[in-house]
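Subject: The structure, and what turned up in it

Hi,

Here is the structure I promised to pass on. Have it open while you read, and the notes below should be easy to follow.

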Amino acid sequence: MWSRVPRAALAALASGALVAALAACADEPGRTPVSTPVTPPSSEATGTPTATVEPAAGEMLEVAALRLHLTEGPRWLKPPAGMLTVSATYVSDTGLPVTITLSDLSAVQTDLEADAAAFLQVSKNDPRPHRTDNRVVAGVEVWAAEGSNAELHSSWIGGIHDGRQWTVQIETPVDLDGADRLREQVIASITWK
């Protein structure tokens, strides 16, 4: 039956589920850390590491494909996990939230670029995402996107790992001191399951 469904429709369906799961969680408020090289979004898609940060070592968030750690210091609030998403939030000194959301589902896509294109096509997020250069996370090439409005900046990474489509969204106030470092520390803490 699925062989008769156009591949683009399947991609939109899968990415739509991810975006819907992300949107649903956007309103909701164990391992030894090692230094992991990460590639900033402006680097080439070849994935050559250009910066090193100490991975976050706080509480863990996980979905079927991956796990990551939150930064230490803020009091992160973790609402109950949904079937496809898990998130954590804290309120910054500016009064705006810092939110990290993981989403995961069985892969429909088998191509990284098609996965990224489908995510962007169906996204209803505000700030609206736009594609940036691919990067390497925990030894795996992933797609990346960013978006900003007057108050918030969001960064997304996503991909396909071990039969799972996944995304990580990190949303911070645009004027949050250390936002880039927080983002890179969280991404550096990612490990695959």
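What follows is a walk through the sheets, one buried acid and a few unusual backbone spots. Please keep in mind that this is a predicted model.

**The six-stranded sheet**

Start with the open sheet of 6 strands, which are ordered E5-E6-E10-E9-E8-E7 and pair in the antiparallel sense. Strand E5 (85-91) and strand E7 (130-137) are its edges, each pairing on one side only. From one strand to the next, the twist averages 15°.

Going through some of the pairings, E6 and E10 run antiparallel and share 8 bridges. One residue pair to look for there is Asp104, whose bridge partner in E10 is Trp166. E10 is also joined to E9, again antiparallel, by 10 bridges. In that pairing, Gly158 has Thr167 of E10 as its bridge partner. Towards the E7 edge, strand E8 (residues 140-148) is antiparallel to E7 and linked to it by 6 bridges. Arg131 is partnered there with Ala145 of E8, and Val137 stands opposite Val140, also in E8.

How enclosed is E10 by the rest of the structure? Of its 10 residues, 9 are buried, so the strand is largely enclosed. Helix H3 (residues 179-188) lies across E5, strand E6 (97-106), E7, strand E9 (152-161) and strand E10 (164-173). Relative to E10, H3 runs at about 160°.

**A buried acid in E10**

Glu171 is worth a look of its own, and you will find it in strand E10. This residue is buried, yet it has no salt bridge. Which side chain of opposite charge is nearest to Glu171? That is Arg183, at 9.9 Å. A salt bridge would need a side-chain nitrogen of Lys or Arg within 4 Å of a carboxyl oxygen. What Glu171 does have is a polar contact of 2.8 Å with the side chain of Ser154. Beyond its neighbours within four places in sequence, the residues in contact with Glu171 are Pro97, Val98, Thr99, Asp126, Pro127, Leu152, His153 and Ser154.

**A cis peptide bond and helix H2**

Two residues on that contact list, Asp126 and Pro127, are joined to each other by a cis peptide bond, with omega at about 15°. Pro127 sits in the loop between H2 and E7. For context, most peptide bonds are trans.

As for helix H2 (residues 112-122), its buried residues are Leu112, Asp115, Ala116, Ala118, Phe119, Leu120 and Val122. At the start of H2, Asp111 places a side-chain oxygen within 3.2 Å of the backbone nitrogen of Glu113.

**Two hairpins with a positive phi**

Most residues other than glycine have a negative phi. Two hairpins in the six-stranded sheet are therefore worth checking on your screen, as each holds a non-glycine residue with a positive value.

- The hairpin of E7 and E8 has 2 residues between its strands, and Ala138 takes a positive phi near 50° there. Ala138 is placed in the loop between E7 and E8. Its relative accessibility is 31%, so Ala138 counts as partly exposed.
- The hairpin of E9 and E10 also has 2 residues between its strands, and here Asp162 has the positive phi, near 50°. Asp162 lies in the loop between E9 and E10. Is Asp162 buried or exposed? With a relative accessibility of 66%, Asp162 counts as exposed.

**The three-stranded sheet**

There is also an open sheet of 3 strands, in the order E3-E4-E11, with antiparallel pairing. Strand E3 (60-62) and strand E11 (191-192) are at its edges with a single partner strand each, so one side of each has no neighbour in the sheet. Strand E4 (residues 66-69) pairs with E11 in the antiparallel sense over 2 bridges. Within that pairing, Leu66 stands opposite Trp192 of E11.

If you only have a few minutes, I would start with Glu171, which is buried without a salt bridge, and then look at the cis bond between Asp126 and Pro127.

Happy browsing!

Key:
Residues numbered from 1 in each chain as written. Predicted model: local features only at pLDDT ≥ 70, side-chain atom pairs only at ≥ 80, totals over all residues. Heavy atoms only, no water. Pairing = 2+ DSSP bridges. Helix = DSSP H or I, 4+ residues; strand = E, 2+ residues; numbered from the N terminus. Axes fitted to C-alpha atoms, helices over the stretch in contact; angles between N-to-C directions. Contact = heavy atoms within 4.5 Å. Buried < 20%, exposed > 50% of the residue type's maximum accessible area, 1.4 Å probe, protein only. Lys, Arg positive; Asp, Glu negative; His and termini not counted. Polar contact = N/O pair within 3.5 Å; in protein donor to acceptor, adjacent residues only side chain to side chain.
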